[in-house]
Amino acid sequence: MSAATEATTGRTRRSPRPPAPPTAEALPLELAELITDPDTRIVVCCGAGGVGKTTTSAALALAAAEAGRTVVVLTIDPARRLAQSLGLVELDNEPRRVDVPGARGELHAMMLDMKRTFDDIVVAHSTPERAQQILENPFYQTLSSSFAGTQEYMAMEKLGQLRAGDRWDLIIVDTPPSRSALDFLDAPNRMSRFLDGTMIRLLTAPSRTGFRIASAGFLFFSRIISKILGGQLLRDISAFVSALDTMFGGFRERATATYELLRRPGTWFVVVATPEPDALREASYFVDRLSAEQMPLAGLVVNRTHPPTTTALSATRADGAAEEALESGREGAELAAGALRVHAERMTLATREQHLADRFTSAHPEVAVRTVPAAAGDVHDLDGLRVMADALTGPDGDTPTGVPRRRILPARRR
Ligand SMILES: Nc1ncnc2c1ncn2[C@@H]1O[C@H](COP(=O)(O)OP(=O)(O)OP(=O)(O)O)[C@@H](O)[C@H]1O
Ligand SMILES: [Mg+2]
């Protein structure tokens, strides 16, 4: 699905004519095939904030369950109404079955409870007394619920746990509303760097070898830090880190193992964006990063597009016709002109969106694309998810307007 540009890269002889300009025709992204393939075990939906990662994850999970697979979707901070319609009324950190009438498979959903996941690791990896010490430590409490990157890290942890159980045919993973889509991939490293952090070690281990030399300076330094941070916090950190020492190795190993899980065959990334410059730029960074890390990319979902109901009439012609209608002064002319103007605006918007998508494809011709039209309102129930699932998984060429689903407007004839 991902490697498809050999034809353009394998050319060795010089052609007599200059090569044609690169086409901006995206490859089709066939998500139905991907999610029903028994070899597909993990699908990770990532992208910039607010583009539709959670909704896409839930819609794909629904489609896979309807196609007969036993699916769990790990959602992160779903909108309240969506959570309710998936039966996720409280955070309990375990998958709950969603009743999907008529589905051949099973849909289960869960919301990530970051703190609970962190607590569970602490309990599983230390003695009961140590665990108690850590859990009660105020510094731990802050870290486990608010440290930037904890959510990303815990999503990975939870994914590791779900995968280890082998209960699921398919795990669909939503990713946190990060500033940057890359945060998800960076989280394990950042987390272990933090726990291993020189700063923390400096603060908490003044008597260790190596620090004695600097101890006069260090004492001064630590006194200043105490003043700024407060002695209690420093003691909390110190107690936390020494308690953590016992399980620290574990953290790092697990971070590495989960990262490796993401590179194993059977895992696919779906990058979600909206047809806007920032979201597509973010998608572009992410695509580059996945390829640098040799992580498998299924393709790009361009969500919330605005295709017109007909593409037979261009914006210019619609505007012209509106003018003419008004000039004619006939009965109903204003209404007709209004409708034509709405169409013209929609065509202009769709043209802009197509242009942005084309720019992405010119830069990444190997990335398959699927566009998903914006629904009239929010997507917050099973019916809404089903409409979205159809847009995501329907065959590329099978649309009422004849425009393939990898595009917003028909391709220009060359
Ligand atoms: N195709 C669509 N049509 C209409 N509304 C949509 C569509 N996709 C998503 N939405 C709406 O957009 C909003 C954001 O979607 P969602 O929560 O899935 O984004 P997200 O990427 O998970 O956001 P965050 O980064 O905050 O986690 C929601 O209100 C959702 O209902
Ligand atoms: Mg979300």
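In which helix does alanine 64 lie? Alanine 64 lies in helix H3, and this residue makes a good starting point for a walk through the model. The model is a predicted one, in which local features need pLDDT of at least 70, side-chain atom pairs count only at pLDDT 80 or more, and totals for chains, interfaces and linings use all residues. Residues are numbered from 1 along each chain as its sequence is written, while chains are lettered from A and ligands numbered from 1 in the order in which they are written.

**The chain as a whole**

The secondary structure comes to 16 helices and 9 strands. Here helices (H or I, at least four residues) and strands (E, at least two) are DSSP runs, numbered from the N terminus. Of the 414 residues, 38% count as buried. A residue is called buried if 20 or more other C-beta atoms lie within 10 Å of its own, exposed if 12 or fewer, and partly exposed in between, with C-beta atoms placed from the backbone. Two residues are in contact if their C-beta atoms, placed from the backbone, lie within 7 Å. Among contacts between residues at least 6 apart in sequence, 76% join residues at least 24 apart.

**Helix H3 and the nonpolar core**

Back to alanine 64: is it buried or exposed? Alanine 64 is buried, because 29 other C-beta atoms lie within 10 Å. Leaving aside residues up to four places away in sequence, alanine 64 touches Ile35, Thr36, Arg69, Val71, Gly105 and Leu170. Leucine 34 is 30 residues away from alanine 64 along the chain, and their C-alpha atoms are separated by 9.4 Å.

Alanine 61 touches Val71, Val73, Leu107 and Ile172, again not counting residues up to four places away in sequence. Alanine 61 is also among the residues with the most contacts inside the largest nonpolar core, alongside Val43, Leu60, Val271, Ala273 and Leu392. That core has 87 residues; a nonpolar core is a set of buried Ala, Val, Leu, Ile, Met, Phe, Trp, Tyr and Cys residues joined through C-beta atoms within 7 Å.

**Strands side by side**

Strand S6 (residues 170-174) is mostly covered, with 5 of its 5 residues buried. Leu170, Ile172 and Asp174 are buried on one side of S6, and Ile171 and Val173 are buried on the other. Strand S5 (residues 106-111) is mostly covered too, with 5 of its 6 residues buried.

How are these strands paired? Two strands pair if DSSP finds at least two bridges between them. The table sets out the pairings, each with an example of residues that face each other.

| Strands | Bridges | Direction | Example partners |
|---|---|---|---|
| S2 (residues 42-47) and S6 | 4 bridges | parallel | isoleucine 42 and isoleucine 171 |
| S3 (residues 70-75) and S6 | 4 bridges | parallel | valine 72 and isoleucine 171 |
| S3 and S5 | 6 bridges | parallel | valine 71 and leucine 107 |
| S4 (residues 96-98) and S5 | 3 bridges | antiparallel | arginine 96 and alanine 109 |

Isoleucine 171 of S6 is thus a bridge partner of isoleucine 42 and of valine 72.

**Around ligand 1**

Ligand 1 is surrounded by 19 residues, and the closest are Gly52, Lys53, Thr54, Thr55 and Pro177. A residue counts as near a molecule or strand if its C-beta atom, placed from the backbone, lies within 6 Å of it. The elements that give two or more residues to this shell are helix H3 (53-66) and strand S8 (297-305). H3 gives the most, with 3 residues. By class, the shell has 8 nonpolar, 7 polar and 4 charged residues. For this count, Ala, Val, Leu, Ile, Met, Phe, Trp, Tyr, Cys and Pro are nonpolar, Asp, Glu, Lys and Arg are charged, and the others, Gly among them, are polar.

**Two backbone details and a helix face**

Most residues other than glycine have a negative phi. Glutamine 294 has a positive phi of about 55 degrees although it is not a glycine. Glutamine 294 lies in the loop between helix H13 (277-292) and S8, and it is exposed because only 7 other C-beta atoms lie within 10 Å. Arginine 304, also not a glycine, has a positive phi of about 65 degrees. Arginine 304 sits in strand S8 and counts as buried because it has 21 C-beta neighbours inside 10 Å.

Finally, the buried residues of helix H5 (residues 114-124) are Met114, Lys115, Thr117 and Phe118. They cover an arc of only 165 degrees around the axis, so they lie on the same side of H5. The arc is that of the directions from the helix axis to the C-beta atoms.
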